[in-house]
Amino acid sequence: MSAIYRIHINGIVQGIGFRPFIYNLANSFELNGYVLNDTNGVYIEVKGNEDRIREFIQRIKSDAPPLARFDDVSIEKPDYKDYTGIYSGFEIRESRSTHGIPSVISPDISLCDDCLKELFDKNNRRYLYPFINCTNCGPRHSIVRDIPYDRINTTMSCFEMCEECRREYNDPSDRRFHAQPNACPECGPRLEFRIDKKNPPSPPFLKGGTKGEFSEQKEKPIKTTISILKQGGIAAIKGIGGFHLACDAENNNAVKRLRDSKRRSNKPFAVMMPDIETIRQFCYLTKDEDLVLNSPARPIVLLKKKHNISISDSVSPENNYLGAMLPYTPLHYLLFYYPLTHDPQPITPNFKALVMTSGNIFEEPIAADNKEAVQKLSSIADAFLMHNRDIYMRVDDSVVNVISGQQLVINSQHNSKLKTLNSKLVIIRRSRGFVPEPIYMGQDMPEILACGGQLKNTFCLTKGRYAIMSQHIGDMENKEAAEFYKETLKNLKKTFKVMPKIIAHDLHPNYWTTAFARQLITHHSSLISIPVQHHHAHIVSCMAEHGLKEKVIGIAFDGTGYGTDGNIWGGEFLIADRKDFIRFAHFNYVPMPGSDAAARKPWRMGLSHLVHTYGDGAKELIHKIFSDRIQENQLNTILKMMKNSINSPLTSSCGRFFDAVSSLIGAKDLATYEGEAAVKLEMLAETKCYDTYNFNITDGFPLVVCTKQIIKEIIDDAKANLPVSVISAKFHNTIAETILTAAQMVQKKHNLDKVVLSGGVFQNSFLVKRTAEKLTVSGFEVFLNEKVPSNDGGISLGQAVIAAEHF
Ligand SMILES: [Zn+2]
Ligand SMILES: [Zn+2]
């Protein structure tokens with residue numbers, strides 16, 4: 001029986017070799033018809049034997065290319081009489097533009113194995129060509145100007161394909177069929193190398209080049225870059241989503257120089273290593289971490305460092321972890337494996353590890369434009385390795401953490417059973433490799449712009465059944481970040497054809513994003529603005545990821561967020577659904593002397609907690625603990641500030657509580673980046689210790705988790721010379737215990753047993769493990785953010801979902 005079927009697929013189906021896959025599959029079943037990309041996804045019409053069509057549909061689902069993701073598949077069988085098309089075979093038709101829910105453009109994808117082989121194959125016409133790609137790999141999001149995803153809508157449109165490339169592009173049996181960035185040394189992008197001509201870089205590299213005096217050198221760009229890096233130089237290297245600043249990670253002087261000139265903080269640098277075996281030399285590696293490192297997104301994965309390794313300590317100072325990634329562009333592979341001798345492909349890589357940190361100064365957005373990069377980075381870099389393929393959308397490297405699964409023995413009254421907690425992929429920065437992959441929401445949403453927070457900002461747009469999260473934008477205090485925000489918003493609105501009617505924003509009156517939302521509303525009176533509480537947004541971001549719609553116990557722990565009472569919240573126990581929340585408990589309020597400055601000076605929080613705990617009796621202790629480290633007059637100034645309530649807002653922040661403890665036990669008094677003191681405290685924690693401190697929960701509404709007893713016992717432990725590693729572990733266990741106790745109180749009263757953990761504090765793996773363990777053993781179901789960050793990089797998703805409920 002002959003029949004016609006129309007199949008419409010939504011999801012990640014563009015730019016990943018999906019149409020050629022359909023073409024070949026249809027031909028193998030001898031079906032006629034066509035396939036095309038439209039703004040709604042991929043549309044297929046087939047005519048032929050009905051049994052075969054059914055099998056064809058099965059095979060689409062089972063054999064799709066590895067990068068495909070199906071969200072919605074609709075299959076229609078129109079009446080045969082309506083059928084007017086006459087097909088003599090199966091064809092791939094031109095893309096068409098329609099209105100509706102957005103199609104999904106794939107994120108940028110790491111170099112595939114086939115292309116890698118060709119890259120180092122002496123007989124291949126793309127031998128050592130840094131821009132080799134195919135339908136399974138290469139740049140996507142970063143080069144797309146508009147949809148549908150066709151070459152004309154990308155930054156590759158200025159390169160006219162040569163005859164051979166065009167043949168590949170037009171041949172459905174070729175693996176470069178409709179590979180939009182297809183190119184070769186004849187017709188494609190080229191490298192550009194610049195060094196400071198007047199002051200040719202050579203050891204001992206004391207400074208970068210003079211501004212604007214870099215000139216082009218045409219000979220052997222990759223070889224020269226390798227040689228500069230080997231001698232301890234710093235190179236700015238253009239990647240897929242922006243520039244990296246690179247140096248040899250085993251060269252202590254080079255790393256130190258990069259740290260001094262770039263950041264002036266202890267924030268860890270990421271390193272790139274040539275292969276998994278090398279990573280294993282420096283880090284402990286689980287099977288799951290191996291998988292994530294090798295995934296097409298190629299994120300930076302935080303891995304436990306081994307001891308006494310040859311990588312410079314300045315790469316991640318005072319940190320047990322190393323942020324490592326594998327090469328993901330052909331150029332990266334060439335840096336590691338470019339043949340310096342006559343050996344066609346060296347077996348020993350040129351480097352074991354390269355620092356590859358975002359090409360920016362301090363917390364500015366990553367530089368992406370050649371001219372801009374030379375201007376901004378010339379005081380740091382000794383040389384520039386770049387190219388003439390433009391980056392349209394800047395995307396930083398993504399950062400993830402794999403919290404390894406564990407087995408728990410659950411004791412119930414009658415028997416004990418073994419439960420395995422799955423490993424969790426925790427996203428810390430969601431950018432390259434993930435963006436702009438939309439998050440499927442499972443229900444239609446009105447069109448919303450959720451503006452996000454102030455630090456680690458992302459924004460979120462919704463359309464149809466999708467939430468589209470922007471890449472990591474950065475800290476909004478900074479002018480450049482504001483420009484980047486506007487530029488990205490314009491781009492994503494256009495690409496996904498979103499016209500927001502609702503603007504969701506944080507309650508904080510001084511956030512840049514709040515001001516931005518207000519400005520939009522002033523200029524467009526038809527827009528509706530919906531303010532959203534920060535910690536509610538955290539919890540709902542996680543609920544939305546897991547499709548939770550019912551009431552849950554929401555634990556939102558972070559550094560700071562504006563509360564409905566005007567205080568700074570951050571240690572919040574909520575009962576929440578997607579629309580509203582009740583704050584049923586919080587950590588007690590303490591002053592935060594100097595407001596935001598307290599986050600950079602954890603000792604101030606230590607002082608604040610001592611005064612809160614001991615009142616007038618704190619004086620002697622303060623002297624004893626701090627007199628060696630902090631000047632007397634500074635201590636007195638802060639004490640006076642708190643006493644007279646000058647610039648000392650009240651906070652229930654759990655992040656600041658961690659800061660206080662870190663300082664009180666002498667781990668960290670000053671933080672060069674947000675959360676450094678808490679990170680140090682986590683690094684110290686003794687994993688074998690399960691002891692806890694005592695704490696009280698005071699009656700009332702909301703309940704207050706009192707920190708006084710915890711501080712007292714910590715001070716006693718310190719006096720008794722208990723190792724800081726044990727104190728740290730006990731403190732972590734205690735925080736987990738407060739969560740369990742509070743959850744049990746709610747369970748009793750409201751019969752809720754789903755616990756959602758969100759907020760930056762839950763990037764602390766030690767705390768997450770201990771908390772999940774306690775909750776699971778007691779019969780709770782635990783939910784963590786997995787698709788968006790649990791830090792402020794995820795709140796825009798929560799804002800959007802809450803706003804949709806209020807619309
Ligand atoms: Zn490829
Ligand atoms: Zn070509």
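In this predicted model, the zinc ion (ligand 1) is held by four sulfur donors, Cys-112 (SG), Cys-115 (SG), Cys-134 (SG) and Cys-137 (SG), at 2.2 to 2.3 Å. Donors here are N, O and S atoms within 2.8 Å of the metal (3.2 Å for Na, K and Ca), and since water is not among the atoms, sites may look incomplete. The angles subtended by the four donor atoms around the zinc ion (ligand 1) run from 104 to 117°, which makes the arrangement tetrahedral; four donors earn that name if all angles lie between 85 and 135 degrees. Along the chain, the donors of this zinc ion (ligand 1) follow the spacing C-x2-C-x18-C-x2-C. Cys-112 sits in the loop between strand S6 (104–105) and helix H3 (113–119), and Cys-137 in the loop between H3 and H4, so the pair ties together parts that are 25 residues apart in sequence. Helices (H or I, at least four residues) and strands (E, at least two) are DSSP runs, numbered from the N terminus. Both Cys-112 and Cys-137 are buried, a word that stands for under 20% relative accessible area, with exposed over 50% and partly exposed in between (1.4 Å probe, protein chains only).

As for conventions, residues are numbered from 1 along each chain as its sequence is written, and chains are lettered from A and ligands numbered from 1 in the order in which they are written. Local features need pLDDT of at least 70 and side-chain atom pairs count only at pLDDT 80 or more, while totals for chains, interfaces and linings use all residues; side-chain values use heavy atoms, leaving out hydrogens and water.

The zinc ion (ligand 2) has as its protein donors Cys-162 (SG), Cys-165 (SG), Cys-184 (SG) and Cys-187 (SG), lying 2.2 to 2.3 Å from it. Around the zinc ion (ligand 2), the angles span 105 to 117°, which makes this arrangement tetrahedral. The spacing of the donors of the zinc ion (ligand 2) reads C-x2-C-x18-C-x2-C. Helix H4 (residues 163–170) carries Cys-165, and the loop between H4 and strand S7 (191–196) carries Cys-187, so parts that are 22 residues apart in sequence are tied together by the pair. Cys-165 is buried, at a relative accessible area of 0%, and Cys-187 is buried at 11%. His-178 also belongs to the loop between H4 and S7, and this residue has a positive phi of about 55° although it is not a glycine. That is worth a second look, because most residues other than glycine have a negative phi, and most peptide bonds are trans.

Further backbone features of this kind turn up along the chain. Ser-595, in the loop between strand S29 (590–591) and helix H14 (597–600), is not a glycine either, yet its phi is positive, about 55°. The peptide bond from Val-435 to Pro-436 is cis, with omega near 10°, and Pro-436 lies in the loop between strand S19 (424–429) and strand S20 (439–440). A cis bond also joins Phe-701 to Pro-702, with omega near -10°; Pro-702 belongs to the loop between strand S31 (696–698) and strand S32 (703–706).

Strand S20 leads on to a sheet. Six strands form this open sheet, with mixed pairing, in the order S20-S23-S22-S21-S24-S25. S20 and strand S25 (528–532) stand at the edges with a single partner strand each, so one side of each is left without a neighbour in the sheet. Two strands pair if DSSP finds at least two bridges between them. S20 and strand S23 (residues 466–469) are antiparallel, with two bridges, and Tyr-440 has Tyr-466 in S23 as its bridge partner.

Turning to the interior, the largest nonpolar core has 61 residues, and those with the most contacts inside it are Phe-557, Phe-573, Leu-610, Phe-626 and Phe-731. Such a core is a set of buried Ala, Val, Leu, Ile, Met, Phe, Trp, Tyr and Cys residues joined through side-chain atoms within 4.5 Å. Helix H21 (residues 724–750) supplies the largest share of this core, nine residues. Phe-731 is in helix H21 and counts as buried, at 0% relative accessibility. Beyond residues up to four places away in sequence, Phe-731 touches Phe-657, Phe-658, Val-661, Leu-681, Tyr-693, Ile-710 and Ile-714, where contact means heavy atoms within 4.5 Å. Phe-731 and Ile-710 are 21 residues apart in sequence and 7.8 Å apart in space, C-alpha to C-alpha.

Note on methods: Four donors count as tetrahedral if all angles lie between 85 and 135 degrees; four count as square planar and six as octahedral if opposite donors are over 155 degrees apart and all others between 65 and 115; anything else is irregular.
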